[in-house]
Amino acid sequence: MITLFTFGPAFGLPDPSPFVTKADLLLKMSGLAYRVQRGSLSKAPKGKLPYIQDGDAVIADSTFIRLHLEERYGVEFDVGLSPAERAVAWSVEKMCEDHLYWMLVAERWTVGSNFKAGPAQFFKTVPAIVRPLIELVIRRKLGRTLAGQGTGRHSPAERARLCHRAFAAIGAIIGTRSFLMGEEPCGADATVYAFVSGFLCPLFEGPAHDAAAARSDLVAYCARMAARFYPEPELPAPAPGGSRA
């Protein structure tokens, strides 16, 4: 059986990492039997989650997990889509992963109130005497990464403008359809839901969250995806005191 290694549910989300949620959704869509196990970054083959173990094969990275499912099991995530539609779906997926991702990181990790409401929970196992120092080191490192990538050089309002454009693009593509490319979810829906639901998370507050929450079409889209793939109320309620992912 396939084992998916995750962080586990947090912040009222299936997983705090949209990439883990994406992999979980792909496995749900595949119809293959799998189990979920909490993973360790130190044991992950690329130092990140998610990864899967499938027999002797260990596959890291959510996109390579998708390729593995397609190649090994013949799973077809984009049934009925034309080459042009598949190209659009792929482009939207990468806009989420390589653009919106950094907006999500900035809002969760660089805004003090959001950090305390969310990511600070990851450090609870660190001895209290050194915890503030470890948090400071990690946040500064992330800040340098964000500055190098470019997102960290934008103000919260500027980041929100970019999110508005991205959310509007996703909404325009969905249009009157139920899902991204049609009346049934395709592979890219796993990514779109993972990221948009992360921005909609009520635990974290900020302009980017507000930009997502203002899109009634995306709110309805996420509700449809959740009803299809996460119908059971098995996720923990958001911790008090914050709002957004």
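## A nonpolar patch

Ile129, Val130, Leu133, Ile134, Leu136, Val137 and Ile138 make up a nonpolar surface patch that adds up to about 600 Å² of accessible area. Patch members have over 30% relative accessible area and no salt bridge, nonpolar side chains being joined within 5 Å; a salt bridge is a Lys or Arg side-chain nitrogen within 4 Å of an Asp or Glu carboxyl oxygen. Areas are Shrake-Rupley values with a 1.4 Å probe, counting only the protein chains shown as cover.

Val137 sits in helix 5 (residues 131-149), and at 46% relative accessible area it is partly exposed (buried is under 20%, exposed over 50%).

## Where this comes from

The model is predicted, so local features need pLDDT of at least 70 and side-chain atom pairs 80 or more, while totals for chains, interfaces and linings use all residues. Numbering starts from 1 along each chain as its sequence is written, and side-chain values use heavy atoms, without hydrogens or water.

## The sheet

Four strands form an open sheet in the order 2-1-3-4, with mixed pairing (pairing takes at least two DSSP bridges). Strand 2 (34-38) and strand 4 (57-60) are at the edges with a single partner strand each, so one side of each lacks a neighbour in the sheet. Strand 3 (residues 51-54) runs antiparallel to strand 4 over four bridges, and Tyr51 has Ala60 as its bridge partner in strand 4.

## Thr6

Thr6 belongs to strand 1 and is buried, at 4% relative accessibility. Beyond its neighbours within four places in sequence, Thr6 has contacts including Asp15, Val20 and Leu49 (heavy atoms within 4.5 Å).

Definitions and conventions: Patch = residues over 30% accessible without salt bridge, like charges linked within 9 Å, V, L, I, M, F, W, Y side chains within 5 Å. Helix = DSSP H or I, 4+ residues; strand = E, 2+ residues; numbered from the N terminus. Buried < 20%, exposed > 50% of the residue type's maximum accessible area, 1.4 Å probe, protein only.
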